[in-house]
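Welcome! Work through the exercises below at your own pace, and try each task before you read its solution.

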Amino acid sequence: MKNLTSKKILFIICGGISAYKSLEIIRLLKKNNAEIKTILTKSAKEFVTPLSVASLSQGKVYEDLFSVENEAEMDHIALSRWADVIIVAPATANTISKLAQGNSDDLASTVILASNKQIFLAPAMNIRMWEHKSTKENLKNLRSYGYKLIGPIIGDMACGEYGEGKMSEPLDILNTIKTFLSEKLNNKKIKALVTAGPTNEYIDPVRYITNKSSGKQGYEIAKSLHKRGFDTTLISGPTNLEIFEDINLIKVETAEEMFKATQQNLPADIAVFSAAVSDFKIIKKDRKIKKQNNISISLEKNIDILNYVSNHNLMRPKLVIGFAAETNDLDQNAIAKLSNKNCDWILANDVSKANSGFNSDYNEITIYYKDNKKREKLSYKKKSELSEEIVDRIVSQIN
Ligand code: PMT
């Protein structure tokens, strides 16, 4: 991206000695024509002045004053929605800890907590603070929430020590933001469709067969695609989950409804089928079945949505990604699904383990690729983090 014209950057400065470098980042962003609004935390004002930031950024500077007037003038939700990207530089150990806990006791942390945008943290602190177990734990959590880190780097520190913890150079921070925004701009034209959650198959008007899918894995993938700029549609079976309002959410209940919604949302460039669609439907009774000693229900095969889409040549997305939920012979079954369902990738997960797969925040996924017959293991971690890793791979495949 040559310049950042029409890009909106919310810049948050925290109180650390490297806050002086933030002024240089702001100068570089401005030279690239970005529109900048800045928040100074209370302690940041000990290092840089609102006036110097306002002069360099030529934009509004919000100070960390919680007052009725401040709230009336600037709604923190609106400010977080306004930005294309949020940068926190320097991100101090204290701010990192607050964000990891989900605190919202000042303007900066409130805006960040309310944000649905990509947040970049450029940490800066003394090496001992950087290496402290609590900082490592906080960063692990922040990564799992989707925050991205720029640096820190190794070097001489203001405190006289040497090591890792020095804030990245302003030019490196600028280039990371430019790469992210240019990729996001490219992805805007790319349509992604995700299915998620279970389906309900009715036995009679009040009873149905379903499964344990919570929708978490699919929702996280849709969120990661959206954050990276993709024009994202999420077709979801019944779940209790919330999603960003600018993702096109289509709620369905049965496999048949999910199939129709999928058809209506083609063509797409990328399709990810993470829904646990019932393989069977029931020949539904129109009236509630009365209590009786024995009852038999007949099941008939449901349409396989993934199979339909991947074999529908005219509408086939460029990248078709299926899931395989397996309790045994993961390798063998995933490879069979890759070929039987004509997928480009299969993401296989073992659903026999507790605390992984269905209805858990965690998962472990092996990707099977059709083109090079390779497989790649993504280790056990939060579904949000796995989704970022999956979307990293989608981005490099599609561009
Ligand atoms: O929702 P969570 O609680 O977060 O759990 C995540 C998950 C375990 C549900 C998810 O990671 C997962 O494995 N999803 C696929 C579940 C599944 O139905 O797998 P399958 O192996 O039975 O189906 C293979 C593929 O065909 C899947 O991509 C599935 O979406 C698709 N399919 C299956 C049947 C059908 N009628 N239509 C389909 O499109």
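## Exercise 1: A charged pair

At 7% relative accessibility, Arg228 counts as buried. Keep in mind that you are looking at a predicted model.

**Task.** Find out which residue forms a salt bridge with Arg228, and which parts of the chain the pair ties together.

**Solution.**
- Step 1: start with the partner. Glu183 forms a salt bridge with Arg228, and their closest N and O atoms are 2.9 Å apart.
- Step 2: place both residues. Glu183 belongs to helix α9 (residues 170-187), while Arg228 sits in the loop between α10 (216-227) and β12 (231-236), so the salt bridge ties together parts that are 45 residues apart in sequence.
- Step 3: check the cover on the partner. Buried means under 20% relative accessible area. Glu183 has a relative accessible area of 18%, so Glu183 is buried.

## Exercise 2: Two more salt bridges

**Task.** Are Lys227 and Glu388 buried or exposed? Then do the same check for Lys281 and Glu256.

**Solution.**
- Step 1: look at the contact in the first pair. The side chains of Lys227 and Glu388 meet in a salt bridge, at 4.0 Å from N to O.
- Step 2: locate the two ends. Lys227 is in helix α10 and Glu388 in helix α14 (residues 383-398), so this pair ties together parts that are 161 residues apart in sequence.
- Step 3: judge the cover. Both Lys227 and Glu388 are buried.
- Step 4: turn to the second pair. Lys281 forms a salt bridge with Glu256, with the closest N and O atoms 2.5 Å apart. This pair links distant parts of the chain, with Lys281 in strand β15 (residues 280-282) and Glu256 in helix α11 (residues 255-264), 25 residues apart.
- Step 5: judge the cover again. Lys281 has a relative accessible area of 22%, so Lys281 is partly exposed. Glu256 also counts as partly exposed, at 37% relative accessibility.

To put these pairs in context, the count for the model comes to 25 salt bridges.

## Exercise 3: A strand covered on both faces

**Task.** How many of the residues of strand β4 are buried, and which strands are joined to β4 by bridges?

**Solution.**
- Step 1: count. In strand β4 (residues 85-91), 7 of the 7 residues are buried, so the strand is largely enclosed by the rest of the structure.
- Step 2: recall a general point. In a regular strand, side chains alternate between the two faces of the sheet.
- Step 3: sort the residues by face. Val85, Ile87, Ala89 and Ala91 are on one side of β4, Ile86, Val88 and Pro90 are on the other, and all are buried.
- Step 4: find one neighbour. Strand β1 (residues 8-13) runs parallel to β4 and is joined to β4 by 4 bridges. Here Phe11 has Ile87 in β4 as its bridge partner.
- Step 5: find another neighbour. Strand β5 (residues 118-123) also runs parallel to β4, with 5 bridges between them. Val88 stands opposite Leu121 in β5.

## Exercise 4: A network around Asp106

**Task.** Which residues are linked with Asp106 in a network of salt bridges, and which side chain makes a polar contact with the side chain of Asp106?

**Solution.**
- Step 1: name the network. Lys98, Asp105 and Asp106 are linked in a network of salt bridges.
- Step 2: place Asp106. This residue is found in the loop between α5 (93-101) and α6 (107-113). Its relative accessible area is 9%, so Asp106 is buried.
- Step 3: add the polar contact. The side chain of Asp106 makes this contact with the side chain of Ser109, at 2.5 Å.

## Exercise 5: Around the ligand

**Task.** Which residues come nearest to the ligand, and how much of the ligand's accessible area does the protein cover?

**Solution.**
- Step 1: look at the surroundings. Of the 29 residues around the ligand, Ser214, Ala275, Lys337, Asn349 and Asn359 come nearest.
- Step 2: follow the polar backbone atoms. One from Lys216 is 3.2 Å from an oxygen atom of the ligand. One from Ser274 is 2.9 Å from a nitrogen atom of the ligand, and one from Ile305 is 3.1 Å from a nitrogen atom of the ligand.
- Step 3: read off the cover. On its own the ligand has 760 Å² of accessible area, and the protein covers 96% of this.

Terms used: Residues are numbered from 1 along each chain as its sequence is written. This is a predicted model: local features need pLDDT of at least 70, side-chain atom pairs count only at pLDDT 80 or more; totals for chains, interfaces and linings use all residues. Side-chain values use heavy atoms; hydrogens and water are left out. Buried means under 20% relative accessible area, exposed over 50%, partly exposed in between (1.4 Å probe, protein chains only). Helices (H or I, at least four residues) and strands (E, at least two) are DSSP runs, numbered from the N terminus. Two strands pair if DSSP finds at least two bridges between them. A residue is near a molecule or strand if one of its heavy atoms lies within 4 Å of it. A polar contact is a pair of N or O atoms within 3.5 Å; within protein, one must be able to donate a hydrogen and the other to accept it, and residues adjacent in sequence count only if both atoms are side-chain atoms. Accessible areas come from the Shrake-Rupley method with a 1.4 Å probe; for residues, only the protein chains shown count as cover.
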